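Please look through the structure shown here with its aromatic rings, its nonpolar core and its loops in mind. The paragraphs after it take these topics in turn.

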Amino acid sequence: MGFEEKKEGEKSGHDESGNEKQNDGNLKRVESKSSLYETEDDGEDAEGNNIQLGPQCTLKEHFEKDKDDESLRKWKEQLLGNVDINDVGESLEPDVKILSLSIMSPGRSDIVLPIPENGKPEGRWFTLKEGCPYSLRFTFQVSHNIVAGLKYTNNVWKTGVKDSTKAMLGTFSPQPEPYTYEMPEDTTPSGYFSRGSYSAKTKFVDDDNKCYLEISYHFDIRKDWASTE
């Protein structure tokens, strides 16, 4: 959920990045930022709106471009893997389907979150225990075309304070098998003022600012786990 506990005297925001992308589809690089005292609409889509990208191509056109360049050809083959160009069609638009969202905490069963079709879970979506380590895992499937710059963003609000998490997942080719992304471990805030209800919005977008999933929801942080989870 992107929490960052603040000690007295520390700055309220942070920038953090890391890398690693493996051939099995796991992540490439991660970026996160936190900001305070913003409303749910402030600055949410500030980045990416002015980026001018080149013309879109079908997957077959991507593969045929610069085919005489040996290094580019090998890079494209590595990116596409075992994709059959003839099976993916001639679609210009990639499609990304988020298959599952899970919250993992050591010593507990995973909390698998149902994804509603309207993007608005009813009531409280889940409950977390204060001061506990946790990480997020989600799986997604890419079809039709290459998706470039797939990003995960999560904004959390409580009593006018906003905390934001942003992760650059990378560029992915279409394939039958789903990709899996696991966020670095984080810790929920603790203490009297951290308990209570939070509102949040999660989005998955690409470099074209095309949104593949947007969920607005509520969750709680309590002294202990909910008995039903």
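A charged side chain is the place to start: Lys158 lies over the face of Tyr198, 5.7 Å from the centre of the ring. The model is a predicted one. Lys158 falls at the end of strand E7, which covers residues 147-158, and Tyr198 falls within strand E11, residues 196-205.

Tyr198 also belongs to a group of rings. Together with Trp125, Phe126, Tyr217 and Phe219, Tyr198 is part of a cluster linked by ring pairs. In the whole model the number of aromatic pairs comes to 14. One of them joins Trp125 and Phe126, with ring centres 6.0 Å apart and planes at 45 degrees. Planes under 30 degrees apart would count as stacked and planes over 60 as edge-to-face, so at 45 degrees this pair is tilted. Trp125 is buried, because its relative accessible area of 11% is under the 20% limit. Phe126 is buried as well, with a relative accessible area of 0%.

Phe126 has a further partner in Phe219. Here the centres are 5.0 Å apart and the planes differ by 15 degrees, so the pair is stacked. This contact ties together distant parts of the chain: Phe126 sits in strand E5 (residues 124-129), Phe219 sits in strand E12, and 93 residues separate the two. Both phenylalanines are buried.

Phe126 turns up again in the nonpolar core. The largest such core has 35 residues, and Phe126, Phe138, Phe140 and Leu169 are the ones that touch the most other members. Which strand gives this core its largest share? Strand E12 does, with six residues.

The loops hold two residues with an unusual backbone sign. His144 is not a glycine, yet its phi is positive, at about 80 degrees. His144 is found in the loop between strand E6 (133-143) and strand E7 (147-158). Is its side chain buried, exposed or partly exposed? With a relative accessible area of 36%, His144 is partly exposed, because the value falls between the 20% and 50% limits.

Asn209 is the second case. Its phi is near 65 degrees, again a positive value in a residue other than glycine. The loop in question runs between strand E11 (196-205) and strand E12 (211-222). Asn209 has a relative accessibility of 34%, so it too counts as partly exposed. The strands on either side of this loop have already appeared: Tyr198 falls within E11, and Phe219 sits in E12.

Methods. Residues are numbered from 1 along each chain as its sequence is written. This is a predicted model: local features need pLDDT of at least 70, side-chain atom pairs count only at pLDDT 80 or more; totals for chains, interfaces and linings use all residues. Side-chain values use heavy atoms; hydrogens and water are left out. Helices (H or I, at least four residues) and strands (E, at least two) are DSSP runs, numbered from the N terminus. Buried means under 20% relative accessible area, exposed over 50%, partly exposed in between (1.4 Å probe, protein chains only). Rings of Phe, Tyr and Trp (its six-membered ring) pair if their centres lie within 6.5 Å; planes under 30 degrees apart count as stacked, over 60 as edge-to-face and the rest as tilted. A charge sits over a ring if NZ of Lys or CZ of Arg is within 6 Å of the ring centre and within 35 degrees of the ring normal. A nonpolar core is a set of buried Ala, Val, Leu, Ile, Met, Phe, Trp, Tyr and Cys residues joined through side-chain atoms within 4.5 Å.
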